[in-house]
Amino acid sequence: MKDLLSLTPPELRVELESHLRERGEPSYRADQIRKWVYESGVGTFEEMTNLPTEEREALAEVYRIECPETETVSRSEDGTVKHLWRMRDGELIESVLIPTAERLTLCISSQAGCAMGCTFCATGWGGFGRQLTAGEIVAQFRNARQWAEENDYGPIHNIVFMGMGEPLANRKALHPALTILNQGLGVGARRITVSTVGVVPGIRELAARPEQFGLALSLHSPVESLRAELIPLEKRHPLPELMDAVEAFVREGGRRVTFEYTMIRGINDAKELAPKLAELAHRVHAFVNLIPFNPIPYQDWQPSVPARVGHFRKVLEEAGISVAVREPRGRDIDAACGQLRANALVQLDAEPRPRATP
Ligand code: SAH
Ligand code: SF4
């Protein structure tokens with residue numbers, strides 16, 4: 001059965017118009033259905049109360065609307081909310097709502113698990129499950145929006161692809177999902193950020209799109225050899241190639257790039273790395289997020305001490321780079337960066353999944 005939420009708005013229009021034409025129904029019904037798909041959170045046609053019963057039944061025979069069930073919802077002391085969604089085949093994925101004083105950000109997943117095997121990331125250790133469909137990516141926003149409305153969290157301002165998975169390793173679903181979120185659900189391109197560990201062909205594809213989606217590059221080291229120890233993909237797309245792609249992305253005009261730098265004590269926080277990081281950031285006018293490492297069950301690594309994080313910040317600021325130190329959010333509910341799903345796997349006694357061999 002075709003999932004209406006996986007279709008881009010133009011595809012949805014063509015699909016609905018032809019369905020309605022065949023059934024001799026007026027074409028304005030397409031708009032009614034479109035509104036239900038994009039503006040509501042309904043998961044069945046039965047709930048589309050402004051359509052005649054026969055039409056609801058006819059739609060349900062050929063179509064469905066992706067609408068994962070809520071497996072659990074956990075609310076942190078700091079207001080962060082983690083949803084664990086159950087997909088139709090039982091796969092579990094997570095999204096996280098992060099409120100700050102000015103805005104509400106939704107962090108979504110692009111894959112069940114991740115094949116990249118980064119050594120500091122719990123999702124990486126959990127291995128790869130499967131790709132998400134465009135509808136499953138969009139549904140996280142649609143369902144979270146519904147939850148936020150019902151729980152007085154207000155409208156979602158930003159979407160970041162920083163949940164489970166590597167979005168640029170699932171471009172087949174990512175590209176339509178971006179279009180649907182932007183044109184269908186009305187989230188401005190500049191309010192959507194795709195975070196990647198460095199999939200170069202994907203960065204180039206994103207650069208070729210006309211919309212100004214934001215890019216976050218998970219850098220974690222300005223030095224190739226150290227980066228390769230943290231991120232297996234570095235061997236396939238080494239830093240010089242990666243920086244060229246990021247530079248091209250920025251050159252396309254008006255685009256923002258952010259570097260994510262997870263600071264791990266004694267691993268990637270040596271003082272001499274700070275000016276090297278500044279140099280790379282300077283080259284592509286990157287905004288730098290320094291993120292103290294969140295401990296994960298698989299490694300005994302610790303976050304950098306605050307003084308060292310402060311040192312990095314100072315060096316970057318003195319080099320004229322915009323920088324922010326990110327507080328870990330939702331730690332008490334395991335919603336912080338890199339922690340997603342690890343605990344669910346533990347709780348559910350799931351079989352460990354194979355990790356990528358780079
Ligand atoms: N795969 C993409 C997006 C998901 S990861 C990527 O890697 O960019 C989202 C962010 O969480 C990345 O910047 C990642 O490096 C960071 N992260 C992963 N594990 C972490 C940990 N244990 N502590 C802090 N940040 C972590
Ligand atoms: Fe995958 Fe990103 Fe985690 Fe690396 S950091 S394993 S790319 S989710």
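Helices here are DSSP runs of H or I with at least four residues, and strands are E runs of at least two. The structure to work through is a predicted model.

**Exercise 1. Take stock of the fold and its overall dimensions.**

Start with the secondary structure: the protein chain has 12 helices and 14 strands. Next, check how compact the chain is. Its radius of gyration is 21 Å, close to the 21 Å from the globule rule for 358 residues, so the chain is as compact as a globular protein of that length. For the extents, look along the principal axes, where the C-alpha trace spans about 70 × 45 × 40 Å.

**Exercise 2. Work out how the chain packs and what its surface is made of.**

First, burial: 58% of the 358 residues count as buried. Then take the contacts between residues at least 6 apart in sequence; 67% of these join residues at least 24 apart. Now the outside: the accessible surface comes to about 15,500 Å², and carbon and sulfur atoms own 50% of that. Last, the charges: there are 42 positive and 49 negative ones, and their mean positions lie 4 Å apart.

**Exercise 3. Decide which stretches of the model to handle with care.**

Begin with the average: pLDDT is 92 over the protein chain, and 93% of the residues score at least 70. Then hunt for the weak spots. Over residues 342-352 pLDDT stays under 50, and the model gives that stretch 7 contacts beyond four places in sequence. Residues 354-358 also stay under 50, with 8 such contacts. Now the reading rule: where pLDDT is low, predicted coordinates should not be read in detail.

**Exercise 4. Place arginine 255 and describe its surroundings.**

Locate the residue first: arginine 255 sits in the loop between helix H9 (239-251) and strand S12 (257-263). Next, its exposure. The cut-off for buried is under 20% relative accessible area, and arginine 255 comes in at 10%, so it is buried. Now list what it touches beyond four places in sequence: Leu206, Ala207, Arg209, Glu211, Gln212, Phe213, Phe249 and Val250. Pick phenylalanine 213 for a distance check: it is 42 residues from arginine 255 in sequence, but the two C-alpha atoms are 7.3 Å apart in space.

**Exercise 5. Do the same for valine 284.**

Valine 284 belongs to the loop between helix H10 (273-283) and strand S13 (287-292). Its relative accessible area is 2%, so it counts as buried. Setting aside neighbours within four places in sequence, its contacts are Met243, Val246, Glu247, Val250, Val257 and Phe259. For a distance check, try valine 187: it lies 97 residues from valine 284 along the chain, and their C-alpha atoms are separated by 26 Å.

**Exercise 6. Examine two histidines with positive phi. Is each one buried or exposed?**

Take histidine 220 first. Its phi is about 65°, positive although the residue is not a glycine. The loop it occupies runs between strand S11 (214-218) and helix H8 (224-230). With 4% relative accessibility, histidine 220 is buried.

Now histidine 285. Its phi is near 50°, again a positive value in a residue other than glycine. Histidine 285 lies in the loop between H10 and S13, where valine 284 is also placed. To call a residue exposed you need over 50% relative accessible area; histidine 285 has 65%, so it is exposed. To wrap up the pair: histidine 220 is buried, whereas histidine 285 is exposed.

Notes. Residues numbered from 1 in each chain as written. Chains lettered and ligands numbered in written order. Predicted model: local features only at pLDDT ≥ 70, side-chain atom pairs only at ≥ 80, totals over all residues. Heavy atoms only, no water. Rg over C-alpha atoms; globule rule 2.2 N^0.38 Å. Buried < 20%, exposed > 50% of the residue type's maximum accessible area, 1.4 Å probe, protein only. Contact = heavy atoms within 4.5 Å. Areas by Shrake-Rupley, 256 points an atom, 1.4 Å probe, with all protein chains shown as cover. Lys, Arg positive; Asp, Glu negative; His and termini not counted. Charge placed at Lys NZ, Arg CZ, Asp CG, Glu CD. pLDDT = per-residue confidence, 0-100.
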